[in-house]
Amino acid sequence: MSAAQIRTDILVRVEEAATDILTLVEGLSADDFARSRLTRTATLACLREIADAASALPAEGRAAMPEVDWAGWLDLGDALAHGVLCAEREWQAASEGAAVILQWMRVYRQAA
C-alpha cells in the first residue's frame with residue numbers, strides 16, 4: 001500500500017486534530033498547559049482522535065508512512081485509554097508530536 005492509497009479521510013482527520021491541538025497550545029508553556037483543565041481536556045480529545053486514526057490505519061498504511069511515529073501514537077492511545085498519562089507526556093505529544101504529524105499528513109495528503 002502506498003501513501004497515495006491510504007484513505008484521505010483518515011489523513012484529513014489526523015491533520016485537523018493536529019491543527020486543533022497546535023491552536024489550543026499556542027503560546028502556552030508546559031506549566032500553563034498543566035494548570036489549564038479546559039485546554040488539557042480539549043487537547044486530550046484531539047490526541048485521542050489521532051491515536052484512534054492511527055489504530056484505524058492498517059499496518060500496511062502505517063508502513064507506507066515510515067516518518068510518522070505510529071508506534072508512539074498507538075502507545076499514547078493505550079495510555080489515554082487506561083488513564084495512565086501524565087501532563088508531561090500530554091505536553092510532549094501536543095507541542096511536539098502534533099507538529100510533526102501535521103507536517104507529514106500534509107505531505108501525504110498532497111500525494112494521495
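These legends accompany a few close-up views of a predicted model.

The model is predicted, so local features need pLDDT of at least 70 and side-chain atom pairs count only at pLDDT 80 or more, while totals for chains, interfaces and linings use all residues. Residues are numbered from 1 along each chain as its sequence is written, and side-chain values use heavy atoms, with hydrogens and water left out.

**View A. Phe 33 and Trp 91 form a tilted aromatic pair.**
The structure holds two aromatic pairs. In the one shown here, the ring centres of Phe 33 and Trp 91 are 5.4 Å apart and the planes meet at 45°, so the pair is tilted. For reference, rings of Phe, Tyr and Trp (its six-membered ring) pair if their centres lie within 6.5 Å; planes under 30 degrees apart count as stacked, over 60 as edge-to-face and the rest as tilted. Phe 33 belongs to helix H2 (residues 30-35) and Trp 91 to helix H6 (residues 87-111), so the pair ties together parts that are 58 residues apart in sequence. Helices here are DSSP runs (H or I, at least four residues), numbered from the N terminus. Both Phe 33 and Trp 91 are buried, where buried means under 20% relative accessible area, exposed over 50% and partly exposed in between (1.4 Å probe, protein chains only).

**View B. The largest pocket is lined by residues that include Trp 73, Arg 89 and Glu 96.**
About 270 Å³ of space lies in this pocket; the volume is the space filled by probe spheres set on grid points, which are joined across faces, edges and corners. On a 1 Å grid over the protein atoms alone, a pocket is an open set of points where a 1.4 Å probe fits, with protein on both sides within 12 Å along at least five of seven lines, and lining residues have an atom within 4 Å of a point. Helices H5 (70-82) and H6 are the elements that give two or more residues to the lining, and H6 gives the most, with seven residues. By type, the lining divides into six nonpolar, three polar and three charged residues. Here Ala, Val, Leu, Ile, Met, Phe, Trp, Tyr, Cys and Pro count as nonpolar, Asp, Glu, Lys and Arg as charged, and the others, Gly among them, as polar.

**View C. Helix H1 (residues 8-25) keeps its buried residues on the same side.**
H1 has 18 residues and reaches 26 Å from its first C-alpha to its last, close to the 26 Å expected at 1.5 Å a residue; the expected span is 1.5 Å times one less than the number of residues. Its buried residues are Ile 10, Leu 11, Val 14, Glu 15, Ala 17, Ala 18, Ile 21 and Val 25. They cover an arc of only 165° around the axis, which puts them on the same side of H1. The arc is that of the directions from the helix axis to the C-beta atoms.

**View D. Thr 19 and Glu 16 of H1 are shown with Leu 102.**
Thr 19 is partly exposed, with a relative accessible area of 29%. Thr 19 and Leu 102 are 83 residues apart in sequence and 6.9 Å apart in space, C-alpha to C-alpha. Glu 16 also counts as partly exposed, at 48% relative accessibility. Between Glu 16 and Leu 102 there are 8.3 Å in space, C-alpha to C-alpha, and the two are 86 residues apart in sequence.
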